[in-house]
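I am opening a new page in my notebook for this chain. I will write down what I looked up, one topic at a time.

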Amino acid sequence: MMRKLMSILVTAAILMSTSVALASNDDVAPYSSDYIDSYSILLTPDRNGEMTAKYAVFATGRMNKVGAYKLTLEEEWGTDKWATSEVIYGDDDPDSFYGENVYDHAGNYTFKNLTPGVRYRVILTAYAGDRTGSDQKTLTSTAKTCK
């Protein structure tokens with residue numbers, strides 16, 4: 001019995017350390033409000049001047065609406081100098097950018113006609129809300145060079 005308990009505890013410790021290590025390598029924000037538990041954003045260079053933003057928003061419970069309020073693409077103009085290149089609002093395509101009556105929502109959006117060789121980053125404005133209120137939080141991805 002003691003051997004089985006130790007085996008379970010060691011397995012749980014390994015799984016917990018692995019999930020913490022994986023989460024720390026992504027652009028993930030921790031618990032931040034009564035409505036939003038966590039959220040993440042990842043920008044991936046595709047090719048031919050396209051980059052895909054992948055996001056996830058996790059609520060603290062079931063919400064009426066969870067997802068991406070907006071994605072703001074920024075282009076680097078100089079060392080730590082960024083200019084807004086494009087803004088996509090979730091309300092323009094709510095079926096893609098939001099989930100309704102859910103605990104979480106994940107999605108992606110591909111930005112097109114970008115300039116290869118230029119560095120870009122994307123800012124996620126995460127949203128979660130129910131009948132008692134709502135909240136928005138932002139997170140900026142790691143900058144990536146367009147291919």
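**Surface and overall layout**

I began with the outside of the chain, whose accessible surface comes to about 8900 Å², with 51% of it belonging to carbon and sulfur atoms. I noted early on that this is a predicted model, and I keep that in mind for every entry below.

I then looked up the secondary structure and found 2 helices and 8 strands in the chain. Read from the N terminus on, the elements run α-β-β-β-β-α-β-β-β-β.

Next I asked what share of the chain is buried. Of the 147 residues, 37% are buried. I also looked at contacts between residues with a separation of 6 or more, and found that 64% of them join residues 24 or more positions apart.

**Salt bridges**

How many salt bridges does a search of the whole structure find? The search gives 4, and I followed three of them up in turn.

In the entry for aspartate 91, I found a salt bridge with lysine 65, in which the closest N and O atoms are 3.4 Å apart. This pair links distant parts of the chain, since aspartate 91 sits in the loop between strand 4 and helix 2 while lysine 65 belongs to strand 3 (residues 51-78), 26 residues apart. Aspartate 91 counts as partly exposed because its relative accessibility is 46%, and lysine 65 is also partly exposed, at 27%.

I went on to glutamate 74 and arginine 121, whose side chains meet in a salt bridge with an N to O distance of 2.6 Å. Because glutamate 74 lies in strand 3 and arginine 121 in strand 6 (residues 119-130), the pair ties together parts that are 47 residues apart in sequence. Is glutamate 74 buried or exposed? Its relative accessibility is 11%, so glutamate 74 counts as buried, the cut-off for that class being under 20%. Arginine 121, with a relative accessible area of 22%, is partly exposed.

The next pair I looked up was arginine 119 and glutamate 76, whose side chains form a salt bridge at 2.7 Å, N to O. Here too the pair links distant parts of the chain, with arginine 119 in strand 6 and glutamate 76 in strand 3, 43 residues apart. I recorded arginine 119 as partly exposed, with a relative accessible area of 35%.

**Threonine 84**

I turned to threonine 84, which lies in strand 4 (residues 81-89). Why does threonine 84 count as exposed? It does so because its relative accessibility is 52%, and exposed means over 50%.

Which residues does threonine 84 touch, once its neighbours within four places in sequence are left aside? I found contacts with Thr72, Leu73 and Glu74; Glu74 is the residue that I had already met in the salt bridge with arginine 121. I also looked up the distance from threonine 84 to isoleucine 123, which is 39 residues away along the chain, and the C-alpha atoms of the two are separated by 10.0 Å.

**A negative patch**

My last search was for charge on the surface, where Asp92, Asp93, Asp95 and Glu100 form a negative patch. From this patch I picked out aspartate 95, which is found in helix 2 (residues 94-97). With a relative accessibility of 72%, aspartate 95 counts as exposed.

Notes. Residues numbered from 1 in each chain as written. Predicted model: local features only at pLDDT ≥ 70, side-chain atom pairs only at ≥ 80, totals over all residues. Heavy atoms only, no water. Helix = DSSP H or I, 4+ residues; strand = E, 2+ residues; numbered from the N terminus. Buried < 20%, exposed > 50% of the residue type's maximum accessible area, 1.4 Å probe, protein only. Contact = heavy atoms within 4.5 Å. Areas by Shrake-Rupley, 256 points an atom, 1.4 Å probe, with all protein chains shown as cover. Patch = residues over 30% accessible without salt bridge, like charges linked within 9 Å, V, L, I, M, F, W, Y side chains within 5 Å. Lys, Arg positive; Asp, Glu negative; His and termini not counted. Charge placed at Lys NZ, Arg CZ, Asp CG, Glu CD.
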